[in-house]
Each structure stands twice: as structure tokens, then as C-alpha cells.
Amino acid sequence: MSAPATAPATSTVTADDVTRLIAGRCLEYPETRLYAELPALRQALDEASPEAAALLSGFLDHVAATAPLDLCAQYTATFDTRNRRCLYLTWWADGDTRRRGMSLVRVKQIYREHGLRYADEELPDFLPVVLDFAARRPEAGTALLEEHRVGLELLRLAVAAADTPYTAVLEALCTTLPGPSPQTREEAKAMARKGPPQELVGIGSPPTPFGAVIDLPWPARSADHAIPERPSA
């Protein structure tokens, strides 16, 4: 079952929506598609905020100047759970525990409640997938990102400490969230005491497939990359 390319549910694509979509593309494993989309991604930067556009432009320059195999090696070295640089948001709260399974089910349920059915090969808490959702349903997506903001900010700080070009992508992403980002791990952990900003309420409409296939100035993911929803998280 392929997932059709559809525009976000909002009538206007905002600067934050565009930033999240580009960041999501950059945080996927770097395949030839990323290089093919570079011109379109650069064009889309015109719709992002100046701060985010500057950060993402620098990263895209790095991609253009880096051989694909080398970029793949950089990606693998950067996003390593063992070194606490994990792109799966529920991992930061639950680790590799049984509780995480329930958290993954809940994320998928949030997607369904907002009219979108998860249809991708990655786990639903994979950051690029969450960013795709946030661009389509900004209110619910922002709430979901804020709910996991402690982990997201800890990821940003850990990647920055590793001195990797991917720092710019995470910094650009964090500009789309309310308020300033913490500057230390202690400040990030202190954010946890505030809890999630709001409840996520479903809209009750029939779900439609999605999964990194949005109608913007770059090619959508082909049907070969879309699969039926898996029965378990």
C-alpha cells in the first residue's frame, strides 16, 4: 500500500513547517535521494526563518562537499545509542525497557487521532517521522515534540559535544520550539519538571496514510519505500 503525497492540513505552510521538513530530510540516513534533492532543499530554505535557513544552508553545503560514503559514515558515527545520541525520542524517556513499547503504541495512536495512519518502515518515534507529522499537524506535532523536548535537547547537546555537522540541523529544529533552548545538560533535565505543555486531543476523522511523503518542492518518497502499517509497534 503506497502512501500518497499530500500537503499539510494547515492552509498555510509556515516557516517552522518548512524547517521541520528539511531537518527531517537531513536526519534520515543519507542515501542518494538526499543528494538528488539538494537543489530543491536549498530552494525550500527561502521559506524557513533566517536563523534556521542559515544553519541548514551550512549543513547542505557540507553534504554537497562530502562524498556519500563519507557522509554515511559520519551519520552512523553521530547517531549512536551507545554514546547517547539517539534519534528515537521515546528512548530518551524509557530506554530499552518494556515501558517503551507502550510509548510507541501511544505515538502511533496520536497519529491516528489526528487523521494520519503511520505507514513507514521506521519506528513511529524516529525523529524524521515525528517531524513529518509535526509539519502536517503543527499543533499536535509541536505538543509531541515539546513532550519529548528534554530528550531532543539532550540529543542536541550530545551531538554538539561530538563536534559533528549534524549539530546545525538539530539547532535549526530547536528554533521551531517555544522559548530558548537549554545550554547545559543540567538545564535540559530541569525542563522535565515542567511536564508536557498540553494534552493531545484527537479529531476523530478517518486516518489516511503518511510517512515522509509530503507535497513540497522536492520529490516525494516513492511507493517502494512505503509499506502497510505493521500490526505491532
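This is a chat about a predicted protein model, its fold, its charged pairs, its cavities and its aromatic rings.

Visitor: Hi! Before we dig in, what kind of model is this?

Guide: It is a predicted model, where local features need pLDDT of at least 70 and side-chain atom pairs count only at pLDDT 80 or more, while totals for chains, interfaces and linings use all residues. Residues are numbered from 1 along each chain as its sequence is written, and side-chain values use heavy atoms, with hydrogens and water left out.

Visitor: Great. How many helices and strands does the protein have?

Guide: Twelve helices and two strands. Here helices (H or I, at least four residues) and strands (E, at least two) are DSSP runs, numbered from the N terminus. Along the sequence the pattern reads α-α-α-α-α-α-α-β-α-α-α-α-α-β.

Visitor: And how much of the protein counts as buried?

Guide: Of its 233 residues, 50% are buried. Buried means under 20% relative accessible area, exposed means over 50%, and partly exposed is in between (1.4 Å probe, protein chains only).

Visitor: I always look at cysteines. How many disulfides are there?

Guide: Zero. A disulfide would be a pair of cysteine sulfur atoms within 2.5 Å.

Visitor: What about Cys86, buried or exposed? And Cys174?

Guide: Cys86 is buried, at a relative accessible area of 3%. Cys174 is buried as well, at 4%.

Visitor: On to charges. How many salt bridges does the structure hold?

Guide: There are nine. Each is a side-chain nitrogen of Lys or Arg within 4 Å of a carboxyl oxygen of Asp or Glu.

Visitor: Which residue does Asp125 pair with?

Guide: Asp125 bridges to Arg100, with the closest N and O atoms 3.2 Å apart. Asp125 sits in the loop between strand E1 (116–118) and helix H8 (127–136), and Arg100 in helix H7 (residues 98–113), so the bridge ties together parts that are 25 residues apart in sequence.

Visitor: How accessible are Asp125 and Arg100?

Guide: Asp125 has 1% relative accessibility and counts as buried. Arg100 counts as buried too, at 12%.

Visitor: Where do Glu153 and Arg149 lie?

Guide: Both are in helix H10 (residues 149–161), four residues apart, which is about one turn of the helix. Their side chains form a salt bridge at 3.0 Å, N to O, and both residues are buried.

Visitor: Which salt bridges share partners?

Guide: Those that join Arg25, Glu28, Arg33 and Glu37 into one network. Within it, Glu37 and Arg33 meet at 3.3 Å, N to O. Glu37 is buried, with a relative accessible area of 2%.

Visitor: Now holes. How many cavities of 30 Å³ or more are there?

Guide: Two, and the largest has a volume of about 70 Å³. On a 1 Å grid over the protein atoms alone, a cavity is a set of points where a 1.4 Å probe fits but cannot get out, and lining residues have an atom within 4 Å of a point. Grid points are joined across faces, edges and corners, and the volume is the space filled by probe spheres set on the points.

Visitor: Which residues line the largest cavity?

Guide: Arg25, Glu28, Tyr29, Glu31, Arg33, Leu34 and Glu37. By class, that lining has two nonpolar, no polar and five charged residues. For those classes, Ala, Val, Leu, Ile, Met, Phe, Trp, Tyr, Cys and Pro count as nonpolar, Asp, Glu, Lys and Arg as charged, and the others, Gly among them, as polar.

Visitor: Last topic: how many aromatic pairs turn up?

Guide: Seven, from a search of the whole structure. Rings of Phe, Tyr and Trp (its six-membered ring) pair if their centres lie within 6.5 Å; planes under 30 degrees apart count as stacked, over 60 as edge-to-face and the rest as tilted. Tyr29 and Tyr75 form an edge-to-face pair, 5.5 Å centre to centre with 90° between the planes.

Visitor: Where do Tyr29 and Tyr75 sit?

Guide: Tyr29 is in the loop between helix H1 (15–27) and helix H2 (32–36), and Tyr75 is in helix H5 (residues 68–78), 46 residues apart. Tyr29 counts as partly exposed at 42% relative accessibility, whereas Tyr75 counts as buried at 8%.

Visitor: Why is the pair of Tyr111 and Phe133 called tilted?

Guide: Because the planes of Tyr111 and Phe133 are at 50°, with the ring centres 4.7 Å apart. Tyr111 is in helix H7 and Phe133 in helix H8, 22 residues apart, and both are buried.

Visitor: Which residues form the aromatic cluster?

Guide: Tyr29, Phe59, Tyr75, Phe79 and Tyr166 form one cluster.

Technical notes. 1 Å grid on protein atoms, 1.4 Å probe; cavity = no way out; pocket = protein on both sides within 12 Å on 5 of 7 lines; lining within 4 Å.
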